[in-house]
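Student: Could you walk me through how the helices sit against one another here?
Tutor: Sure, let's have a look first.

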Amino acid sequence: MDWGYMLKILAQILFYYTWSISITFFNKWCFSNFSFPLTVSFFHMTIVSHVIWFYRSYTKPTSERDSVTWPLFFKRVCPAALTASLDIALSNWSFMYITVSMYTMCKSSVIIFILVAAIIFKLEKPKLLSIVVVILIAIGLFLFTYQSTSFNLFGFILVMTASAISGLRWVLSQILLQRDSLGLSNTLEFVYHVEPVMAISILPLALGMEGSEMVLSTDFIMADKHQSLWVLFVVVAGAFLALMLTFSEYLLLSSTSSITISICGIVKEIAILVLASTVGGDKLSSINVVGLVVCLSGISLHVYMKYKNSQFGPEDPIEDVKGVPKNPAIQSSDAECNDHAPLLQNEEERASLLSSGSKSSFGDEISTRAG
């Protein structure tokens with residue numbers, strides 16, 4: 001056993017947990033005190049997009065940067081960016097009305113919507129176990145919210161809408177990341193093209209929902225000097241957490257697989273729920289705890305299905321849409337981290353296979369610069 005490698009993975013997992021858990025509780029605190037979640041989300045996306053722009057400009061020569069045609073931009077990039085911005089904005093908005101525990105459990109239902117979207121887009125085939133996963137998560141979510149003292153209908157609708165949109169978001173993003181012919185299989189290029197559109201797409205919603213109130217608020221436009229500096233610090237801190245979470249995810253993906261990420265996600269959700277009940281003061285009844293166990297059982301079954309499917313990946317090199325084999329380094333990652341069904345027959349399905357190879361390049365660059 002390579003203990004050096006194991007310690008490296010453990011450090012990356014802890015690094016991922018630190019930023020993922022931190023941003024959850026930070027957003028809860030932030031949007032419970034600042035009643036402009038859409039506007040703050042817009043500034044987060046704007047700051048992150050500028051950081052990515054600077055990083056790309058100074059680390060990648062012009063000849064290595066991917067270009068995207070306008071038809072591809074409007075047909076593929078914009079839908080992925082729009083769903084991502086709505087997912088983040090509605091999730092942040094829901095923190096004004098629900099607890100961290102409720103938010104965590106409701107967002108766990110994203111697996112249901114990912115499965116449905118994947119079946120619609122023919123990325124997955126309907127299976128009996130998939131139906132069992134959906135039923136377990138749905139029952140668990142119902143029991144968790146049953147007679148909850150912290151239940152808020154509007155907040156629940158917001159987070160469940162975000163969860164549904166998130167399912168579509170990840171399927172659209174997967175298509176962009178895994179079809180080499182689209183020119184966005186490099187994660188850095190993907191984030192570079194998507195993030196600015198996310199910020200622009202959420203701006204009309206932020207102005208329409210919060211614009212007039214924000215102009216008169218003492219937290220923003222009408223704030224004094226000290227308050228303005230405090231708000232600026234909070235906004236930049238949130239953007240920093242979002243950026244570090246992105247980095248930590250891709251650092252972990254660069255050394256492991258998406259299955260590892262999924263397992264880590266289960267442990268992270270349990271940690272968040274424990275912290276929310278012990279530190280945050282969230283109260284759970286015995287029925288809510290049963291719902292938590294049932295829901296996590298469904299999520300665990302989903303991860304197990306992904307693991308079993310990864311054991312029966314295609315034997316031959318995965319090709320892109322044009323039929324050109326990928327380079328050997330990426331092929332090895334594809335074979336190890338394939339998340340979908342056994343050998344698929346046509347190029348359309350084969351191009352959609354989930355691989356960490358296309359996702360790891362950004363993490364590799366970060367790891368190289370950090371190490």
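**Helix packing, question by question**

Student: How far apart are the end C-alpha atoms of helix α7 (residues 153-178), and what should its 26 residues span?
Tutor: Helices here are DSSP runs of H or I, at least four residues, numbered from the N terminus. The expected span is 1.5 Å times one less than the number of residues, so the 26 residues of α7 should span 38 Å. That agrees with the distance between the end C-alpha atoms of α7, 38 Å.

Tutor: Quick ground rules: this is a predicted model, where local features need pLDDT of at least 70 and side-chain atom pairs count only at pLDDT 80 or more, while totals for chains, interfaces and linings use all residues. Residues are numbered from 1 along each chain as its sequence is written, and side-chain values use heavy atoms, with hydrogens and water left out.

Student: Which residue caps the N-terminal end of α7?
Tutor: Look for a side-chain oxygen by the backbone nitrogen of Phe 154; the two atoms lie 3.1 Å apart. A polar contact is a pair of N or O atoms within 3.5 Å, one able to donate a hydrogen and the other to accept it; residues adjacent in sequence count only if both atoms are side-chain atoms. The oxygen belongs to Asn 152.

Student: Are α3 and α7 parallel or antiparallel, roughly?
Tutor: Their axes, lines fitted to C-alpha atoms over the stretch in contact, with angles from 0 to 180 degrees between N-to-C directions, come within 8 Å and cross at roughly 155°. Angles under 35 degrees count as roughly parallel, over 145 as roughly antiparallel, 65 to 115 as roughly perpendicular and the rest as oblique. Therefore α3 and α7 are roughly antiparallel.

Student: And how do α3 and α8 lie to each other?
Tutor: The axes of α3 (residues 70-94) and α8 (residues 187-216) come within 8 Å and cross at roughly 50°. So the pair is oblique.

Student: How many residues of the contact of α3 with α8 are charged?
Tutor: Contact means heavy atoms within 4.5 Å, and the residues making it include Phe 73 and Trp 93 of α3 and His 193 and Met 209 of α8. Asp, Glu, Lys and Arg count as charged, Ala, Val, Leu, Ile, Met, Phe, Trp, Tyr, Cys and Pro as nonpolar, and the others, Gly among them, as polar. The split is 16 nonpolar, three polar and, for charged, no residues.

Student: At what angle do α2 and α8 pack?
Tutor: The axes of α2 (residues 37-59) and α8 are 7 Å apart. The angle makes α2 roughly antiparallel to α8; its value is about 155°.
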